[in-house]
Amino acid sequence: MAILLKSILHNLGVVLVGFAVAYLGTMVDSALGISAFAFPLVKAVAGLLLALGFLIRVWATVYFYAHKMRVISLEPQGTLITSGPYRFSRNPLYLGGNGFIFFGAALFLGSPTALFVTAIHLPLIDRFIRREEEQLEREFGEEWRNYKERVRRWL
């Protein structure tokens, strides 16, 4: 139960960051005279993306904490997790946060700028992921290569 609570609290922070980025986007939109968009279907999609992203991140974070690993670490992890959400994506934390939550927040607040910023930051995140994957290959060797062949980077 403590792991679940810790995972939920950790990921509420990610949702707040997503909304902060989206809010900054609305401020830029306003300064540039760009109109926000607000359609009921967009709000529904936004809510779905936010919920999905949050749940994916909580699920992935639970696996990290259960293996006594830190979610944010500058050093390679000591365990290669290949179960749970990691059966479907090698990067469920990035997928849920940088993908679903950030896009969901941008859609929810109707900010074209936030959508643009989210879209252009994904290739940067992908580059970061590739660097992490090089570390994982050095650390786990054949185990990593087998996992990489079975599971896609994003989806």
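What share of the 155 residues in the chain is buried? Buried residues make up 41% of them. Keep in mind that this is a predicted model. The chain has five helices and zero strands, so here's a quick tour, from the overall build down to individual side chains.

**Overall build**

- Going along the sequence, you get the pattern α-α-α-α-α.
- Taken along the principal axes, the C-alpha atoms fill a box of roughly 55 × 35 × 25 Å.
- About 9100 Å² of the chain is exposed, and carbon and sulfur atoms supply 68% of that area.
- If you take the contacts between residues at least 6 apart in sequence, 78% of them join residues at least 24 apart.

**Aromatic pairs**

- The count of aromatic pairs comes to five.
- One of them is Phe19 with Phe108, an edge-to-face pair with 5.8 Å from centre to centre and 85° between the planes.
- That pair links distant parts of the chain: Phe19 is in helix 1 (residues 2-32) and Phe108 is in helix 3 (residues 92-109), 89 residues apart.
- Phe19 is partly exposed, at 24% relative accessible area, and Phe108 is partly exposed too, at 34%.
- Tyr94 and Phe128 have ring centres 6.2 Å apart and planes at 85°; over 60 degrees counts as edge-to-face, so that is what this pair is.
- This pair also links distant parts of the chain, with Tyr94 in helix 3 and Phe128 in helix 4 (residues 112-140), 34 residues apart.
- Tyr94 has a relative accessible area of 17%, and because buried means under 20%, Tyr94 is buried.
- Its partner Phe128 is partly exposed, with a relative accessible area of 34%.

**Charges over rings**

- Lys6 puts its charged end over the ring of Tyr65, 4.3 Å from the ring centre.
- Lys43 does likewise with Phe108: its charged end sits over that ring, 4.2 Å from the centre.

**Salt bridges**

- Side chains of opposite charge can pair when their charged atoms come close.
- A search of the whole structure turns up five salt bridges.
- Arg130 and Asp126 form one of them, with their closest N and O atoms 2.8 Å apart.
- These two are four residues apart in helix 4, so about one helical turn separates them.
- Arg130 is partly exposed at 42% relative accessibility, whereas Asp126 is buried at 15%.
- Arg153 bridges to Glu133, and the closest N and O atoms there are 2.8 Å apart.
- The Arg153 pair links distant parts of the chain: Arg153 is in the segment after helix 5 (142-150) and Glu133 is in helix 4, 20 residues apart.
- Both Arg153 and Glu133 are buried.
- Arg145 meets Glu137 in another salt bridge, at 3.1 Å from N to O.
- Arg145 is partly exposed, with a relative accessible area of 30%, and Glu137 is partly exposed at 28%.
- Salt bridges that share partners tie Arg90, Glu133 and Arg153 into one network.

**Helix 1 up close**

- Leu5, Leu9 and Leu12 make a nonpolar surface patch of about 290 Å².
- Leu12 belongs to helix 1 and is partly exposed, with a relative accessible area of 41%.
- His10 is in helix 1 as well, and at 22% relative accessibility it counts as partly exposed.
- Leaving out residues up to four places away in sequence, His10 touches Arg57, Thr61, Tyr65, Val71 and Ile72.
- The C-alpha atoms of His10 and Arg138 are separated by 29 Å, and the two residues are 128 apart along the chain.

**Two more residues to look at**

- Thr113 is in helix 4 and is buried, with a relative accessible area of 15%.
- Not counting residues up to four places away in sequence, Thr113 touches Gly25, Val28, Asp29 and Ile34.
- Lys68 isn't a glycine, yet it has a positive phi of about 55°.
- You'll find Lys68 in the loop between helix 2 (40-66) and helix 3.
- Is Lys68 buried or exposed? At 79% relative accessibility, Lys68 counts as exposed.

Technical notes
Residues are numbered from 1 along each chain as its sequence is written. This is a predicted model: local features need pLDDT of at least 70, side-chain atom pairs count only at pLDDT 80 or more; totals for chains, interfaces and linings use all residues. Side-chain values use heavy atoms; hydrogens and water are left out. Rings of Phe, Tyr and Trp (its six-membered ring) pair if their centres lie within 6.5 Å; planes under 30 degrees apart count as stacked, over 60 as edge-to-face and the rest as tilted. Buried means under 20% relative accessible area, exposed over 50%, partly exposed in between (1.4 Å probe, protein chains only). A charge sits over a ring if NZ of Lys or CZ of Arg is within 6 Å of the ring centre and within 35 degrees of the ring normal. Patches are made of residues with over 30% relative accessible area and no salt bridge: like charges are joined within 9 Å, nonpolar side chains (Val, Leu, Ile, Met, Phe, Trp, Tyr) within 5 Å. Accessible areas come from the Shrake-Rupley method with a 1.4 Å probe; for residues, only the protein chains shown count as cover. A salt bridge is a side-chain nitrogen of Lys or Arg within 4 Å of a carboxyl oxygen of Asp or Glu. Contact means heavy atoms within 4.5 Å.
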